[in-house]
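Welcome, and please open your viewer. We will go from stop to stop, with something to select at each one.

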Amino acid sequence: MKEVGQVFMLSIIEKKISQQIEDLEAGVPTGPELYGHAAVLIALTNEPDPHVVLTKRADTLSTHSGEVSLPGGRWDATDPSLQYTALREAEEEVALPMSRVRMLGPLWPRTTRWQVHVTPWVGVIPADIHLSPNPGELDAIFRVPLSFFLADPRIRTDRITIDNQAIYLPAYQFGEFEIWGFTAGVLTEFLVRILGASIGRRDDVPLRALN
């Protein structure tokens, strides 16, 4: 996968999503009421080795405190769509203006261990855009190059069970931040299914079972 190294990465991502856009959009939940649904934004910087924007949730939050996540959150009754949910939440959390995101399309909805149905969306943002964390929700914003995940330098593999099915997710350490669980699952599925990355279960790293 030499062409996925640097220069062509964003163009490949955009092409692969556009080739599947009808099927991807058909899988997006719609309707006047989307309670129990959420959306996250995979915001990729417009540069040869795109970086994805990640956040560290505030330690003071009652749920998922201190965890690394993608910008996003639950659908609100005022949201006209889940795409809007992803963009609204990103603007609220990291001060990313909706107008500065070039949306490429949705990915495959995923269900969390807590039965929240999440639809990821992929968008491109300027590489030099300034982002700032909402102090009530986040402790930090950071960016990770996609090449980091493509190299798969995992520190372990987590095993979780959803709907009686075992799912194996890699966990990564990037500087002071540990990227694991649902966030790692969204990113690795994106890289595997869109860029053809070889990120699967590995028996040469520690395995951790999660309840």
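Which residues does W121 touch, not counting residues up to four places away in sequence? Select W121 and look around its side chain: the residues in contact (heavy atoms within 4.5 Å) are V28, A39, V40, L41, I42, L82, Q83, A86, M103, G105 and P106.

Before moving on, a word about what is on screen. This is a predicted model, in which local features need pLDDT of at least 70 and side-chain atom pairs count only at pLDDT 80 or more, while totals for chains, interfaces and linings use all residues. Residues are numbered from 1 along each chain as its sequence is written, and side-chain values use heavy atoms, with hydrogens and water left out.

**The whole chain**

Zoom out and color by secondary structure. The protein chain has 5 helices and 12 strands; these are DSSP runs, numbered from the N terminus, with helices being H or I of at least four residues and strands E of at least two. Along its principal axes, the C-alpha trace spans about 45 × 40 × 35 Å. A compact globule of 211 residues would have a radius of gyration near 17 Å, and the 16 Å of this chain agrees with that. (That radius is taken over C-alpha atoms, and the globule rule is 2.2 Å times the number of residues to the power 0.38.) Of the 211 residues, 49% count as buried, where buried means under 20% relative accessible area, exposed over 50% and partly exposed in between, with a 1.4 Å probe and protein chains only. Among contacts between residues at least 6 apart in sequence, 66% join residues at least 24 apart.

**Back to W121**

Return to W121, which sits in strand β7. Is W121 buried or exposed? W121 counts as buried, because its relative accessibility is 7%. Now add Y84 and draw a C-alpha to C-alpha distance: W121 and Y84 are 10.0 Å apart in space and 37 residues apart in sequence.

**Helix α3**

Next, select residues 82-94, which form helix α3. Its 13 residues should span 18 Å at 1.5 Å a residue, and its end C-alpha atoms are indeed 18 Å apart; the expected span is 1.5 Å times one less than the number of residues. Show the side chains of its buried residues: L82, T85, A86, L87, R88, E89, A90, E93 and V94. What do they pack against? Their partners are the strands β1 (37-45), β2 (51-57), β4 (72-74), β5 (102-106), β7 (117-125) and β8 (138-145).

Both ends of α3 deserve a click. At the N-terminal end, S81 acts as a cap, with a side-chain oxygen 3.5 Å from the backbone nitrogen of Q83. After the helix comes A95, whose phi is positive, near 60°. A95 lies in the loop between α3 and β5 and counts as partly exposed because its relative accessibility is 34%.

**A second positive phi**

Now jump to D152, in the loop between α4 (146-150) and β9 (156-162). Its phi is near 55°, a positive value in a residue other than glycine. D152 is buried, with a relative accessible area of 7%.

**Last stop: K56**

Finish in strand β2, where K56 is found. Because its relative accessibility is 18%, K56 counts as buried. Where does its side chain reach? A polar contact of 3.2 Å joins the side chains of K56 and D59; such a contact is a pair of N or O atoms within 3.5 Å, and within protein one must be able to donate a hydrogen and the other to accept it, with residues adjacent in sequence counting only if both atoms are side-chain atoms. Among the residues that K56 touches are G66, E67, V68 and F177.
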